[in-house]
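Let's take a walk through this model together, starting with how far to trust it and ending in its interior. Have the viewer open as you read.

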Amino acid sequence: MSYHEEDNSGKILLAAIAGAGAGIIAGLLMAPDKGKATRDKLGSAATKYSGQLGDQLSKYGEDLDIKFKGYIEKLEDMGLTGAGGSLKLKGNWDDLKGKLKQQYAQLTDEDLTYAEGKGDELVGRLQTKLGKAKNEVVKMLNDL
């Protein structure tokens with residue numbers, strides 16, 4: 001005698017969809033307001049909560065970004081990742097710029113324009129001008 005198990009997943013899915021549909025229809029029929037008023041309430045609630053959700057996601061995204069950068073710095077300090085993963089400029093930028101111009105005569109003031117928070121743009125310009133990889137440029141700047 002062999003045991004044969006029947007696959008009921010299709011029947012279960014169909015029953016779930018039918019139950020959800022019956023619940024929606026019953027909810028609309030028993031709603032205290034007319035259809036348009038109910039739809040307007042649902043729309044305003046969705047708008048309200050989507051705005052709150054967007055704010056929360058933005059906040060969590062910023063928190064994760066800060067934590068991630070901190071972890072990267074810790075890994076670099078421990079020597080577990082290659083040096084030059086992130087740009088950490090120390091000291092006066094004008095002094096650093098002078099050192100770079102001494103080492104690389106082809107660099108112009110425009111190439112060495114640096115604004116706080118725009119380190120990636122500086123690294124990109126130096127990569128192009130010096131023909132080096134990003135981690136090489138970042139390491140070079142961090143070592144100055």
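What is the mean pLDDT of the protein chain, and what share of its residues reach 70 or more? The mean is 78, and 88% of the residues reach that mark. Keep these values at hand, since this is a predicted model. Confidence also varies between elements: helix 2, covering residues 35–78, has the lowest mean at 79, while helix 4 has the highest at 86.

Now trace the fold from one end to the other. You will pass five helices and zero strands, which gives the pattern α-α-α-α-α along the sequence. Among contacts with a separation of 6 or more, 36% join residues 24 or more positions apart.

Next, consider what is covered and what is not. Of the 144 residues in the protein chain, 15% are buried. The accessible surface comes to about 11,300 Å², and carbon and sulfur atoms account for 58% of that area.

Finally, let's look at the interior. The largest nonpolar core holds 14 residues, and those with the most contacts inside it are Leu100, Leu107, Leu126, Met140 and Leu141. At least two residues of this core come from each of helix 3 (93–103), helix 4 (119–130) and helix 5 (134–143).

Leu100 is a good place to centre your view. Setting aside residues up to four places away in sequence, Leu100 touches Trp93, Leu107, Leu112, Met140, Leu141 and Leu144. Three of these partners, Leu107, Met140 and Leu141, are also listed with Leu100 among the core residues with the most contacts.

Key:
Residues are numbered from 1 along each chain as its sequence is written. This is a predicted model: local features need pLDDT of at least 70, side-chain atom pairs count only at pLDDT 80 or more; totals for chains, interfaces and linings use all residues. Side-chain values use heavy atoms; hydrogens and water are left out. A nonpolar core is a set of buried Ala, Val, Leu, Ile, Met, Phe, Trp, Tyr and Cys residues joined through side-chain atoms within 4.5 Å. Buried means under 20% relative accessible area, exposed over 50%, partly exposed in between (1.4 Å probe, protein chains only). Helices (H or I, at least four residues) and strands (E, at least two) are DSSP runs, numbered from the N terminus. Contact means heavy atoms within 4.5 Å. pLDDT is the predictor's confidence in each residue, from 0 to 100. Accessible areas come from the Shrake-Rupley method with a 1.4 Å probe; for residues, only the protein chains shown count as cover.
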